[in-house]
Amino acid sequence: MIYREAGQFKASYEEDQQIFPIKQDRIVMAALVAAAFFVAPFVASEYWLQAVLTPVLVFALAALGLNILTGYAGQLSLGTGAFMAVGAYATYNFLLRLDGLPFLVGLVLGGLSAAAVGVVFGLPSLRIKGFYLAMATLAAQFFIVWALAKFPWFSNYSSSGIITAQRIEIFGFAFDTPARKYLLTLAIVSLLALVAKNLARTNTGRSWMAVRDMDVAAEVIGIPLMKTKLLAFAVSSFYCGIAGGLYAYTYLGTVEPDGFGLDLSFKILFMIIIGGMGSVLGAFLGAAFILLLPVGLNVLMHTSVGALVPATLASNLELIVFGVLIIFFLIVEPHGLTRLWQIGKEKLRLWPFPH
Amino acid sequence: MARVIGDVILDLQNISLSFGGVKALTNISFDVREGEIRAIIGPNGAGKSSMLNVINGVYHPQQGRIVFRGQERRRMNPHEAAAQGIARTFQNIALFKGMTVLDNIMTGRNLMMRRNFLWNALYWGPSRREEIAHRKRVEEIIDFLEIQNIRKTPVGRLPYGLQKRVELARALAAEPSLLLLDEPMAGMNVEEKQDMCRFILDVNEQLGTTIVLIEHDMGVVMDISDRVVVLDYGRKIGDGPPDEVRNDPVVIEAYLGAGH
Ligand SMILES: Nc1ncnc2c1ncn2[C@@H]1O[C@H](COP(=O)(O)OP(=O)(O)OP(=O)(O)O)[C@@H](O)[C@H]1O
Ligand SMILES: [Mg+2]
């Protein structure tokens, strides 16, 4: 079947408003999701499930959260790691202190806690923008990580703030193997990705983008700036909070405040820069790319090509490639891999008759 | 449909506005009647854009009264003005550059959209129906302004003239009763100007929308407006039907004579 929208006439606006208006896209997407649910858990090794696929999903969710705030609503944030930490530590405390609280409820409460904290630290966005707002979120980043380490109550008086995730049980079913944890993560992330897509294609998402692109005009049209910005902070931080909860519960199992430091925030920022600002797909592409790059480079280093690279360079190769890519995307293609993907599709749509 | 000019719907009384030491508007009074096309003209820096900004609440005058639809106000924020049915376009295009034409126009309907983000998150039932219903209305505007073929194009990629038209579409999407247009034809070629003129007249005649418009092209102003206000250095120096204003020696001295 040739990739084309011709012949696929949209009989109604309803059809045109679909997430994937082109039929081939829908088929590919459905196949990918089906493979992720029904094939990957059975064919992938424990190492891949635990150390590659699960973290890719968790980071994609965090990147999605940041993309809602920065990519869609245009508010730069360096506090992603801190909002994840709030999600992880709040989930831990809810599950610890409320006896018999179901895991999913604890996770959602963790997300809501992160949302509340996000709104508080988003308040400066009503007065300041860009670089100065980034500084304000940076303050959130340092303050929260500091507070979690400083007050032992948050980690139930463990040494240096380390928390160990409780066993995950949902309706009596234990999620205790890498495959089960992966599936749980996949289900939650898929659901939240769908929600993000829905927000993006309705009035909520348009208001965010309007505030991002030109706030004066948005206000004149009747979009309330304060409400719209704070909602972006809340939803974004909720996503980051859930990602933080999953980071602790389905990915690492044990976390400490320092693990949610500024490098984590930057890592996620790089994901949306490389994956594509203001795109749900971009969050997934960016997370997969950044987490798989070291794996790929490692494989490459063990081939004959790798033998040609001097050892001193090889050890820094990852950083060099990252740096070059980020500069490339910032300057040449601000819409990241997603845009490259779209350009590819546009070419494909014309293929085999490019004129 | 015959045009009907009704009662005064907007009455501006003794408006003064200054920025620090700069007096942008000094003691200006004029009114706008329902259903008319009211032009504001004047040399660069005369205070025309400031006047529009006062009307829709972007600027707050230090003195004066504004009566809109019988309600007096001193200051109002742009959001309230929009809620009362005032929409506008900007002198420097103020579209949402990263969004498609369709999405830009859809934002114009945000005040009529009632579903909150929780409904939208589900995109189900009422939220979906609402989106589709508004999409239908927006498509009517797209047809009206003849921009069907660019509806999925990001506005940043469009030529200037079309961007101006999309901005008009976005303002119309709000179904305003008062439409403020700040130099809708600036920078256009003759053909684009003719199209825009026709659209403005159609909006006024077919939708009955009251229009206040700033324009430098005197030919256009004389053609389409019912009454003209002339500003110079922030003061009103003329007000009346186009013919009268055109022959007013004070206006000729200040504006028309000066090379225009
Ligand atoms: N936000 C502002 N801050 C300071 N001064 C302003 C501001 N807006 C307008 N002014 C000043 O007010 C005066 C009137 O400006 P305005 O933009 O209303 O003129 P205009 O008639 O629209 O001119 P043009 O034909 O060039 O668009 C100018 O002297 C301008 O510099
Ligand atoms: Mg002006």
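**Entry 1: ligand 1**

I began with S49(B) in this predicted model. A side-chain N or O atom of S49(B) lies 2.8 Å from an oxygen atom of ligand 1. I then looked up S50(B), where a polar side-chain atom is 2.6 Å from an oxygen atom of the ligand. For N44(B), I noted a distance of 3.4 Å between a side-chain N or O atom and a ligand oxygen.

Which residues come nearest to ligand 1? I listed G45(B), K48(B), S49(B), S50(B) and Q91(B), out of 14 residues around the ligand.

**Entry 2: the two domains of chain B**

I turned next to the domain assignment of chain B. Domain 1 is made up of two stretches, 1-84 and 211-260, and domain 2 covers 86-175. I recorded 28 Å between the centres of the two domains, taken over C-alpha atoms.

How many residues of each domain of chain B are in contact with the other? I found 13 residues of domain 1 against four of domain 2. The two domains of chain B bury about 680 Å² between them, and 58% of that area is on carbon and sulfur atoms. On the side of domain 1, the residues that lose the most area to domain 2 are S49(B), N56(B) and A82(B), which together account for 42% of what that side buries. I had already met S49(B) beside ligand 1.

I checked the polar links between these domains of chain B as well. The rule finds zero salt bridges across their interface, but four residue pairs are in polar contact. Two helices of chain B, α1 (48-55) and α2 (78-83), each supply at least two residues of the side of domain 1 that touches domain 2. I sorted the residues of that side into seven nonpolar, five polar and one charged.

**Entry 3: chain A against chain B**

I then examined the interface between the chains. Here 28 residues of chain A are in contact with 35 residues of chain B. The chains bury about 2,900 Å² between them, with 61% of it on carbon and sulfur atoms. In chain A, I noted Y13(A), R206(A) and V220(A) as the residues that lose the most area to chain B, together 23% of what that side buries.

How many salt bridges are counted between chain A and chain B? The count is one. I looked up its partners: the side chains of E131(B) and R206(A) meet at 3.0 Å, N to O. R206(A) is thus a residue I recorded twice, in the salt bridge and among those of chain A that lose the most area.

I also recorded nine residue pairs in polar contact across the interface of chain A and chain B. Five helices of chain A each supply at least two residues of the side that touches chain B: α1 (13-16), α7 (178-201), α8 (203-213), α9 (215-221) and α10 (225-252). The largest share, seven residues, comes from α8(A). Finally, I divided the residues of that side of chain A into 14 nonpolar, six polar and eight charged.

Key
Residues numbered from 1 in each chain as written. Chains lettered and ligands numbered in written order. Predicted model: local features only at pLDDT ≥ 70, side-chain atom pairs only at ≥ 80, totals over all residues. Heavy atoms only, no water. Domains from an automatic or database assignment. Contact = heavy atoms within 4.5 Å. Buried area = accessible area lost by both parts, 1.4 Å probe. Salt bridge = Lys/Arg side-chain N within 4 Å of Asp/Glu carboxyl O. Polar contact = N/O pair within 3.5 Å; in protein donor to acceptor, adjacent residues only side chain to side chain. Helix = DSSP H or I, 4+ residues; strand = E, 2+ residues; numbered from the N terminus. Nonpolar A, V, L, I, M, F, W, Y, C, P; charged D, E, K, R; others polar. Near = heavy atom within 4 Å.
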